[in-house]
Amino acid sequence: MEHARPLPDYLVRRYHGWKATGYEKNKGWYLQLAEDGQHPRAMVVSCCDSRVHVTSIFGADQGEFFIHRNIANLIPPAETGGNHHGTSAAVEYAITALKVSHLIVLGHSSCGGVKGCYDMCSGNAPELESKDSYVGRWMDILRPGFEKLGEGDDESRVRQLERECVVISLENLMTFPHVKSAVEAGRLSLHGLWHDIGAGDLEAYDPASGAFRPV
């Protein structure tokens with residue numbers, strides 16, 4: 001593959017720094033992880049956003065979380081066919097192979113994907129309406145959430161949509177037979193969270209009230 005290039009020097013330096021310090025100090029732990037395989041208790045579906053660092057939020061070590069990241073932490077509804085379904089495949093593997101006990105959907109503030117969906121549905125992002133836009137077609141999953149938004153200014157409505165994104169993903173999870181059966185059998189619990197990056201706050205979805213409450 002002729003277009004591949006060497007790593008930037010700063011990443012090479014960071015790697016060697018980690019290998020000489022972080023790895024050497026915890027070599028036994030890394031060897032155990034390699035030999036015993038992974039046994040995470042929870043799967044986290046979070047956004048690709050570089051500011052969202054799931055392991056830091058929960059103080060987790062390697063091996064604790066099975067993490068899948070995509071644009072706007074969306075989970076599509078279950079569907080079959082010959083297409084590529086990366087998120088659906090990750091969910092299937094977590095439930096059927098790893099047998100996680102918890103599946104967490106983690107949304108966040110200032111999400112570019114959600115803002116793009118809001119602009120698209122408002123008629124302000126025609127480029128995302130193009131059939132050739134991967135982002136636009138992915139964010140179509142969130143269109144039903146836009147239709148549910150209440151009154152308010154654009155900023156508050158986008159914040160509403162960020163939370164609605166989490167709820168829609170939870171609803172879509174229950175369209176997967178292996179998820180539905182695991183939940184109904186008590187082997188799996190679903191959790192919806194929203195993280196305020198600037199404030200460091202975390203809110204959890206309460207299905208009884210349909211609202212997000214501080215953790």
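Colleague: What share of the contacts in the protein between residues at least 6 apart in sequence joins residues at least 24 apart?

Modeller: It's 61%, with a contact meaning heavy atoms within 4.5 Å. Bear in mind this is a predicted model, where local features need pLDDT of at least 70 and side-chain atom pairs 80 or more, while totals for chains, interfaces and linings use all residues. Residues are numbered from 1 along each chain as its sequence is written, and side-chain values use heavy atoms, leaving out hydrogens and water.

Colleague: Why is helix α5 called largely enclosed?

Modeller: Buried means under 20% relative accessible area (1.4 Å probe, protein chains only). Eight of the ten residues in α5, spanning 112-121, meet that, so the rest of the structure largely encloses this helix. Across the 215 residues of the protein, 38% are buried.

Colleague: Which residues of α5 are buried, and what covers them?

Modeller: G113, V114, G116, C117, Y118, D119, M120 and C121 are the buried ones. Their cover includes α6 (126-129), α7 (134-139), α8 (143-147) and α9 (154-173). Just after α5, G123 has a positive phi of about 85°.

Colleague: What makes the largest pocket a pocket?

Modeller: On a 1 Å grid over the protein atoms alone, a pocket is an open set of points with protein on both sides within 12 Å along at least five of seven lines. This one holds about 330 Å³ of space.

Colleague: Which helix gives the most to its lining?

Modeller: That's α4 (residues 86-97), with three residues. Lining residues have an atom within 4 Å of a point; among them are P76, H84, W138 and I141.

Key:
Buried means under 20% relative accessible area, exposed over 50%, partly exposed in between (1.4 Å probe, protein chains only). On a 1 Å grid over the protein atoms alone, a cavity is a set of points where a 1.4 Å probe fits but cannot get out, and a pocket is an open set with protein on both sides within 12 Å along at least five of seven lines; lining residues have an atom within 4 Å of a point. Grid points are joined across faces, edges and corners, and a volume is the space filled by probe spheres set on the points. Helices (H or I, at least four residues) and strands (E, at least two) are DSSP runs, numbered from the N terminus.
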